[in-house]
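Subject: Structure handover and notes

Hello,

Here is the structure you are taking over. Please look through it first, then read the notes below.

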Amino acid sequence: MTNQNLYCALRAAFPADLDRAAIECADGAALSYTWRDLDRASAMIANLLGSLALPSDARVLVHTDKSVEALILYLAVLRAGLVHVPLNSAYQASELTYFIDNAEPAVVVCASRDFGWLSKIAFRAGTAHVYTLDDDRRGSLLQRAAHHADTQAPVQRAAADVASIIYTSGTTGRSKGAMLSHGNLLSNAQVLKTLWAWRSEADGGDVLIHALPLFHVHGLFVASHGALLNGSKMLWFANFDARAVTARLPEATVFMGVPTLYGRLLAEPSFTAQSCRNMRLFISGSAPLLADTFRQFSERSGHTILERYGMSETVMLTSNPYAPVQDRIAGTVGFALPGVDLRVSCDESEQIGAVEVRGPSVFPGYWRMPEKTAEEFTADGWFKTGDLGQLDAQGRLTLIGRSKDLIISGGYNVYPAEVEGYLYELPGIDESAVIGVPHADFGEAVVAVVVPRAGASVDAAACIAALKQRIAGFKVPKHLIVVDQLPRNAMGKVQKALLREQHRALSGAK
Ligand code: MLC
């Protein structure tokens, strides 16, 4: 049987000349990695992981800063046939405790600065191996891997075997781990390679600017797989800095970003049509792109952003057309990708309904949560995305809203229920409602409206400071408003729409 380990397909796409540059670091140290470097280094780490003699579904949980070595670690986990579990590097101890208890990883890889507290949590939960990996190529992972051979045959895997678990925030508070298989990831990457017309070397090749985090579908799968599966070079940014990215744009042909990155490029004076002269494609996703940003970007750069739609559970689902460019329409997310079945479930009289999907990239379920998995699929096997949408006569999808209470801030999903849970733990707070209000930079900003306990007084700044100690910064409310009571409807349900309307004036506030 052929080996359906995703690494085999990625490796087969490496260029014949393995000494060509695969990744060039574009911020920080001037470092370049060849395709041979990627292959050898991932073999060494895979051999280290193999030497641990772990069960085939062992999880390798990764909580590190972005680095090329973190990408190599991902490739190594694939090669070793284990399950990669990347986590947002902004997560703090209480969040990590949950993920480690839930994922029960055999291996944890973290930044050296977090080793003290994180290894305690991991060892207490039964993790046998904790390595460190820093963004300057230091740490015990690479030290240990250096003793291993630099060739390795990828472990035999079937398409249905789990390659990665991506945690998505849960509507009722706790995150769920979306399991993605080797087949889910490869089929999606192959479809996008054709649809977005990645250019072969003979056609001049492509160069991707990689400026997204490595712990989400967008940066790890859509961007990295896109370049790797096409043997294309990446210009690598550990963080997004509009000026630094603009300075390297003339060397690039493809850019992927969340809308916040497009807003920041527009705010950067050096960003001009001239800096985009060699660009072929700007792709946006993970959050709604404002029609205004789409228009301004086109006027300024001469490029029409291609908006696409996906999520952790499904990887990519729809895309605006690559060609003709005029068919990329602001405010729509385009057509279902080849192989994806998409339906909007609504009565004939209505046009807006729940977006449901089926297809080769749709995940098999949530890690150890069969009931949640069952809830999220219809009886006839379609995944309920949680988004509300409308299909036009040609099959073009426009997203109208969400059936789940969710805030998307700078491309990160924030579930109000989770933040409300942390607010209840603070002294003096009787109840709270967390909402999203429009925000100039992040699209939406998290805002909390809280009611103090009888006789207690609540200091907004102190609450925000306390939350910053407990949860990732992007979830912390930018504003906390103290009120006597929350507006409720006749059923006693908090009227979040009304709160959003009342607090719109906070728009644009940092
Ligand atoms: C950072 N901060 C945020 C934030 N990011 N606040 C709200 N929302 C965000 N997204 C806060 C920090 O907590 C900190 O607060 C301050 O901003 C500075 O932090 P930073 O790390 O220096 O920020 P910056 O580098 O500017 O980061 C902004 C960003 C980043 C937009 C570059 O958020 C980002 O990379 N977003 C992309 C997310 C992504 O890749 N999503 C893909 C999901 S996949 P303080 O108070 O401490 O100063 C998916 C599927 C799909 O959705 O279809 O793609």
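Strands in these notes are DSSP runs of E with at least two residues, helices are runs of H or I with at least four, and both are numbered from the N terminus. By that rule, Glu444 belongs to strand β24, which covers residues 443-452. Please keep in mind that this is a predicted model.

Glu444 and His84

Glu444 has a relative accessible area of 17%, so this residue counts as buried, the limit being under 20%. Beyond four places in sequence, the contacts of Glu444 include Arg402, Leu406, Ile407, Ile408 and Ser409. Gly436, Val437, Pro438 and His439 also touch Glu444.

His84 sits in another strand, β4, made of residues 83-86. With a relative accessible area of 2%, His84 is buried. Its contacts, without the neighbours up to four places away in sequence, are Val60, Val62, Tyr74, Val77, Ala163, Ser164, Ile165 and Leu220. Tyr412 is 328 residues away from His84 along the chain, and the C-alpha atoms of the two are 20 Å apart.

Domains

The domain assignment gives three parts: domain 1 covers 6-184, domain 2 covers 309-402 and domain 3 covers 407-503. From the C-alpha centre of domain 1 to that of domain 2 the distance is 29 Å. Where these two meet, domain 1 supplies 18 residues to the contact and domain 2 supplies 15.

How much area do domain 1 and domain 2 bury between them? The figure is about 1,400 Å², and carbon and sulfur atoms account for 58% of it. On the domain 1 side, the residues that lose the most area to domain 2 are Lys176, Met179 and Asn184. Together these three make up 41% of what domain 1 buries there.

Cavities

Rolling a probe the size of a water molecule over the atoms shows where empty space is left. In this model there are three cavities of 30 Å³ or more, and the largest cavity has a volume of about 60 Å³. Its lining is formed by Leu185, Asn188, Ala189, Leu192, Phe221, Val222, His225, Gly226 and Val315. Two elements give two or more residues to that lining, namely α7 (182-195) and α8 (217-228). Sorted by class, six of the lining residues are nonpolar, three are polar and none is charged.

Leu185, one of the residues of that lining, also comes up with Thr314. The C-alpha atoms of Leu185 and Thr314 are 9.2 Å apart, although 129 residues separate the two along the chain. Thr314 lies in the loop that joins β13 (306-311) to β14 (315-319). Is Thr314 buried or exposed? Thr314 is buried, because its relative accessible area is 0%. Apart from residues up to four places away in sequence, Thr314 touches Val357, Ser361, Val362 and Phe383.

The second largest pocket

The second largest pocket has a volume of about 220 Å³. Its lining has 15 residues, and Cys25, Asp27, Ala29, Asp135 and Ala238 are the ones nearest its centre. How does this lining divide by class? Seven of the residues are nonpolar, two are polar and six are charged.

Backbone points to check

The peptide bond between Ala323 and Pro324 is cis, with omega near -5°. Pro324 is part of the loop that runs from β14 to β15 (335-336).

Which values of phi go with Glu104 and Arg137? For Glu104, phi is near 45°, which is positive although the residue is not glycine. Arg137 likewise is not glycine and has a positive phi, near 70°. Both are loop residues: Glu104 is between α4 (93-103) and β5 (107-110), while Arg137 is between β6 (129-132) and α6 (140-145). Glu104 has a relative accessibility of 42%, so Glu104 counts as partly exposed. Arg137, with a relative accessible area of 40%, is partly exposed too. For both, the value falls between the limits of 20% for buried and 50% for exposed.

Regards

Terms used:
Residues numbered from 1 in each chain as written. Predicted model: local features only at pLDDT ≥ 70, side-chain atom pairs only at ≥ 80, totals over all residues. Heavy atoms only, no water. 1 Å grid on protein atoms, 1.4 Å probe; cavity = no way out; pocket = protein on both sides within 12 Å on 5 of 7 lines; lining within 4 Å. Points joined across faces, edges and corners; volume = space filled by probe spheres on them. Nonpolar A, V, L, I, M, F, W, Y, C, P; charged D, E, K, R; others polar. Buried < 20%, exposed > 50% of the residue type's maximum accessible area, 1.4 Å probe, protein only. Contact = heavy atoms within 4.5 Å. Domains from an automatic or database assignment. Buried area = accessible area lost by both parts, 1.4 Å probe.
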